Amino acid sequence: MIKIGVVYFSKTDVTGAMAKAIIAEAESQSDVSVIEHRIEGHEIIEGRFEKTDVFSLLDKCDAIIFGTPTYMGGVSAQFKAFADATSDLWCEQLWAGKIAAGLTSGSELNGDQTSTLQYLVTLSNQHGMLWVGLDSAIGFKDRGINRLGCQLGVVAQSSDGSLHETDLETAKYLAQRVVNLARRLK
Ligand SMILES: Cc1cc2nc3c(=O)[nH]c(=O)nc-3n(C[C@H](O)[C@H](O)[C@H](O)COP(=O)(O)O)c2cc1C
C-alpha cells in the first residue's frame, strides 16, 4: 500500500475543500491509503503546534501534501506553527526521500500564492523531501488544469468561498501525479 499524508489548515474551507478533492482522488486508487490532518487552532498553544502524535503517522507516509491559505503573501500562522514543530524531525531528517507537494488558496487572481508554495518547497527541502509540482505547460499542452499558470503546485482562487472547477481538477491531477510517482519510488 502507498500512504499519502495530507496536512492542511483552512479557516473558511476553500483550502479544506481542495484538500478533500485530493484525498478523494488518492483514495479512489485501491493501493492508496490517506492520512489526513486538518490543523486546528486549539492544537497550537502559545504559538507552538502541540499535536505531535501526528508526526508519527506522517513518518509512515510515502508522500506528504501540504496545504494552507495564503495569508499576507505567505503561509498562514497556523500552518507555520505546524511547520516549526517539525524541526525535531528535521534534526534526524526523518522525512528525507518522501515525496512532497502543496496547495494554497487566495482571494485574488494573483495574491502572491506563489510565495506560499515557494515556502512549502523550502520546508520540504529542509526535510530532504522530493518536491513534485505540476507538469502542465499552459498554452502548449492544455489539459484543462492549472488555469492560474503556477507550476509549483496547486493554486486555488476564490473571492466568495466557491470553488472553481478547474482548480478542483488541478488538485485531482496533482493527487494522481503524486500517487504515480510514489508507486515508482516504492
Ligand atoms: C489574514 C489574511 C490574509 C490574507 N492574505 C491574502 C493574500 O496575501 N493573498 C490572497 O490572495 N488572499 C489573501 N487572503 C484571502 C485568503 O487567502 C482566501 O480567502 C483563502 O481562500 C482562504 O482559505 P480557507 O478558506 O482555506 O481558509 C487573506 C485572508 C486573511 C484572513
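A residue is classed as buried if 20 or more other C-beta atoms lie within 10 Å of its own, as exposed if 12 or fewer do, and as partly exposed in between, with C-beta atoms placed from the backbone. The structure described here is a predicted model, in which local features need pLDDT of at least 70, side-chain atom pairs count only at pLDDT 80 or more, and totals for chains, interfaces and linings use all residues. Residues are numbered from 1 along each chain as its sequence is written. The pLDDT, the predictor's confidence in each residue on a scale from 0 to 100, averages 96 over the chain, and 98% of the residues score at least 70. For the complex, the predictor gives an ipTM of 0.99 and a pTM of 0.98.

Helices (H or I, at least four residues) and strands (E, at least two) are DSSP runs, numbered from the N terminus. Helix α6 spans residues 165-185, 21 residues in total. From its first C-alpha to its last, α6 reaches 30 Å, close to the expected 30 Å; the expected span of a helix is 1.5 Å times one less than its number of residues. Buried positions in α6 are Asp167, Thr170, Ala171, Tyr173, Leu174, Ala175, Val178, Val179 and Ala182. These buried residues pack against β1 (2-8), α1, β2 (32-38), β5, β7 and β9 (154-157), where contact requires C-beta atoms, placed from the backbone, within 7 Å.

The ligand is surrounded by 19 residues, of which Ser10, Thr15, Pro69, Gly106 and Gly111 come nearest; a residue is near a molecule or strand if its C-beta atom, placed from the backbone, lies within 6 Å of it. At least two residues of this shell are supplied by each of α1 (14-27), β5 (63-71) and β7 (99-106). The shell has 4 nonpolar, 11 polar and 4 charged residues, with Ala, Val, Leu, Ile, Met, Phe, Trp, Tyr, Cys and Pro counted as nonpolar, Asp, Glu, Lys and Arg as charged, and the others, Gly among them, as polar.

Two loop residues other than glycine have a positive phi. Asp13, in the loop between β1 and α1, has a phi near 80 degrees. Asp13 is partly exposed, because 16 other C-beta atoms lie within 10 Å. Glu46, with a phi of about 50 degrees, is in the loop between β3 (44-45) and β4 (48-49). Glu46 counts as exposed because it has 6 C-beta neighbours inside 10 Å.

Leu57 is found in helix α2 (residues 53-58) and is partly exposed, with 14 other C-beta atoms within 10 Å. Leu57 and Cys150 are 93 residues apart in sequence and 30 Å apart in space, C-alpha to C-alpha.

Note on methods
Two residues are in contact if their C-beta atoms, placed from the backbone, lie within 7 Å.
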